[in-house]
Amino acid sequence: QVQLVESGGGLVQPGGSLRLSCAASGISFSSYAMGWYRQAPGKQRELVATFTSGGSTDYADSVQGRFTISRDNAKNTVYLQMNSLKPEDTAVYYCNAERSDYLRRKYRYWGQGTQVTVSS
């Protein structure tokens, strides 16, 4: 059974920092691209950052330079370090694991989400 369990969300003041963690089980972690998505009230879920199995990272323009994604394959965990947080970063943050096999079948899993609220 695949599980992605996020932690680290909470309430933080503007300009503050948080680090999210996502612990994965039930998958061959190093084979998966890992990502963080977020969904604000009334908005669609959007990509925040990804870290491929090959070691490449990518970020949404809105978080570039403020957020850093990292992964520890030995711990089956992906992290999102969020600095200089803004009120517009307020959302539920979701962990994602994704890969395609040699037949191009996609395997995609989601965590349950963790709330991040940036407010004074």
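The exercises below, each with a worked solution, concern a predicted model of one protein chain.

**Exercise 1. The chain as a whole**

Work out which kinds of secondary structure the chain contains, and whether its radius of gyration agrees or disagrees with that of a compact globule.

*Solution.* Begin with the secondary structure, which comes to 0 helices and 11 strands, so that reading along the sequence gives the pattern β-β-β-β-β-β-β-β-β-β-β. Next, take the radius of gyration: a compact globule of 120 residues would have a value near 14 Å, and the chain has 14 Å, which agrees. The C-alpha atoms, taken along the principal axes, fill a box of roughly 50 × 25 × 25 Å. Then turn to the surface, where the accessible area comes to about 6600 Å², with 44% of it belonging to carbon and sulfur atoms, while 40% of the 120 residues count as buried. Finally, consider how the sequence folds back on itself: among contacts between residues at least 6 apart in sequence, 54% join residues at least 24 apart.

**Exercise 2. The disulfide**

Find which cysteines are joined by a disulfide, and decide whether each of Cys-22 and Cys-95 is buried or exposed.

*Solution.* The count of disulfides comes to 1, and this link joins Cys-22 to Cys-95, with an S to S distance of 2.1 Å. Because a disulfide requires two cysteine sulfur atoms within 2.5 Å, the pair qualifies. The two partners come from distant parts of the chain, since Cys-22 lies in strand E3 and Cys-95 lies in strand E9, 73 residues apart. The angle about the S-S bond is -80°, and the link is left-handed. For the last step, Cys-22 has a relative accessible area of 0% and is therefore buried, and Cys-95, also with 0%, is buried as well.

**Exercise 3. The nonpolar core**

Identify which residues of the largest nonpolar core touch the most other members, and which strands give two or more residues to this core.

*Solution.* The largest nonpolar core holds 30 residues, and of these Trp-36, Leu-80, Met-82 and Tyr-93 touch the most other members. The elements that give two or more residues to this core are strands E3, E4, E5, E7, E8, E9 and E11. To see one of these residues in more detail, look at Met-82, whose contacts beyond four places in sequence include Leu-18, Leu-20, Phe-67, Tyr-93 and Val-116.

**Exercise 4. Two polar residues compared**

Decide whether Gln-39 and Asn-96 are buried or partly exposed, and find which residues each of them contacts.

*Solution.* Start with Gln-39, which lies in strand E4, spanning residues 33-39. Its relative accessible area is 27%, and because a residue under 20% is buried and one over 50% is exposed, Gln-39 is partly exposed. Leaving aside neighbours within four places in sequence, Gln-39 is in contact with Gln-44, Arg-45, Ala-91, Val-92 and Tyr-94. A polar atom of the Gln-39 side chain also lies 3.1 Å from the backbone oxygen of Lys-43. Although Gln-39 and Asp-89 are 50 residues apart along the chain, their C-alpha atoms are separated by 9.5 Å.

Now take Asn-96, which has its place in strand E9. With a relative accessible area of 3%, Asn-96 is buried. Not counting residues up to four places away in sequence, Asn-96 touches Leu-4, Ala-33, Met-34, Gly-35, Tyr-37, Arg-108, Tyr-109 and Trp-110.

Key: Residues are numbered from 1 along each chain as its sequence is written. This is a predicted model: local features need pLDDT of at least 70, side-chain atom pairs count only at pLDDT 80 or more; totals for chains, interfaces and linings use all residues. Side-chain values use heavy atoms; hydrogens and water are left out. Helices (H or I, at least four residues) and strands (E, at least two) are DSSP runs, numbered from the N terminus. Buried means under 20% relative accessible area, exposed over 50%, partly exposed in between (1.4 Å probe, protein chains only). Contact means heavy atoms within 4.5 Å. A polar contact is a pair of N or O atoms within 3.5 Å; within protein, one must be able to donate a hydrogen and the other to accept it, and residues adjacent in sequence count only if both atoms are side-chain atoms. A nonpolar core is a set of buried Ala, Val, Leu, Ile, Met, Phe, Trp, Tyr and Cys residues joined through side-chain atoms within 4.5 Å. The radius of gyration is taken over C-alpha atoms; the globule rule is 2.2 Å times the number of residues to the power 0.38. Accessible areas come from the Shrake-Rupley method with a 1.4 Å probe; for residues, only the protein chains shown count as cover.
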